[in-house]
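Let's take a walk through this one, starting from a helix and ending at a sheet. Have the viewer open as you read.

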Amino acid sequence: MLTRRKMMTTTAATISATTVLPFAASGQVSENRFATDGGNIQVYPVNHASFWMGTPNGVIYVDPVDGADAWEGAPSPDLILITHEHGDHFDLETLNGIIAEETVLVTNPAVYDMLPEDLKARATAMANGDEGEALGVPIRAIPAYNLTEERLNYHPKGRDNGYVLTIDGFTVYIAGDTEDIPEMRALSGIDLAFVPMNLPYTMDVNAAASAVAEFNPTYVYPYHYGDSDIDAFAAEVASASDTQVLMPGWYEG
Ligand SMILES: [Zn+2]
């Protein structure tokens, strides 16, 4: 499994050059790299809600959009996770441009239904609550939905996914587009979380910070935040928990 690692140092240098981590000085995390039992996980933000991770089990892309060019220089994906059908998360043209021979896809059922047959053949649909495995990584599909009356049409309950991956004992929660739902607040044992905040589509920074303080991951990336005040988010999290907020900059590509 370890031989599947194919990090490209040139890419690492390019992408993390602009990375500024407020807590890098703590020595616990630097350059978006996290230690697992079997090696490192390295996170590369691409844009907004799109990123990839190099892991001991392979290369994982999350919600790849923006065209194949945006992913140039990244190693080809072993696994692609898609949370839901909106254009900032799912784009067929990008998928067709980046997918490799061996790539497997995990999507929510609605996106699965939108895939052409050739992509369906290598895809697995996971509904809210489903558990599965890809690249030897256990995956849980977590609900992702709006709670606020006037936002319910954006992400209706039951359709979209977040994912919890356990990579070598290191647990990663990718929230998708959601508000501070009870299923998020009830999570425990999360090492690294990606939590969205932007209005009107997801939630404000207060709701996001409140939820993060409750499920208390070791590290959190605010992502999918648009022009939200992520400094306010970071301050609120810092005042209410010992979660470390990581802000590498998601819109600098
Ligand atoms: Zn979105």
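Which residues of α6 are buried? Bear in mind that this is a predicted model. The buried set in α6 consists of V205, A208, A209, A211, V212 and F215. Looking down the axis of α6, you find these buried residues within an arc of 165°, so they line one face of the helix. That fits the usual helix geometry: an α-helix has 3.6 residues a turn, so residues three or four places apart point the same way.

What covers the buried residues of α6? The cover includes α5 (182-185), β12 (192-196), β13 (219-223) and α7 (230-240). For a close-up, take A208: leaving out residues up to four places away in sequence, A208 touches D180, V195, M197, M203, P222 and F233. Just past the end of α6, N216 has a positive phi of about 55°.

Now zoom out to the core. The largest nonpolar core has 72 residues, and the ones touching the most other members are W52, L81, A193, A208, V212 and V220. Helix α6 (residues 205-215) is the top contributor to this core, with 6 residues. As a general backdrop, nonpolar side chains tend to be buried together in soluble globular proteins.

On to the sheet. It is an open one of 7 strands, in the order β1-β2-β3-β4-β5-β6-β7, and the pairing is mixed. At the edges stand β1 and β7 (123-125), each with a single partner strand, so one side of each has no neighbour in the sheet. From one strand to the next, the twist averages 20°.

Here are some of the pairings, each with an example of bridge partners:

| Strand pair | Direction | Bridges | Example partners |
|---|---|---|---|
| β1 (residues 33-36) and β2 (residues 39-47) | antiparallel | 4 bridges | A35 and N40 |
| β2 and β3 (residues 50-55) | antiparallel | 5 bridges | Y44 and W52 |
| β5 (residues 79-81) and β6 (residues 104-107) | parallel | 3 bridges | I80 and L105 |

How are the antiparallel pairs connected? A hairpin takes β1 into β2 through 2 residues. Between β2 and β3 there is also a hairpin with 2 residues between the strands, and H48 in that turn has a positive phi of about 60°.

One residue ties the sheet back to the core: W52, the bridge partner of Y44 in β3, is among the residues that touch the most other core members.

Terms used. Residues are numbered from 1 along each chain as its sequence is written. This is a predicted model: local features need pLDDT of at least 70, side-chain atom pairs count only at pLDDT 80 or more; totals for chains, interfaces and linings use all residues. A nonpolar core is a set of buried Ala, Val, Leu, Ile, Met, Phe, Trp, Tyr and Cys residues joined through C-beta atoms within 7 Å. A residue is buried if 20 or more other C-beta atoms lie within 10 Å of its own, exposed if 12 or fewer, and partly exposed in between; C-beta atoms are placed from the backbone. Two residues are in contact if their C-beta atoms, placed from the backbone, lie within 7 Å. Two strands pair if DSSP finds at least two bridges between them. Axes are lines fitted to C-alpha atoms, for helices over the stretch in contact, and angles run from 0 to 180 degrees between N-to-C directions. The arc is that of the directions from the helix axis to the C-beta atoms.
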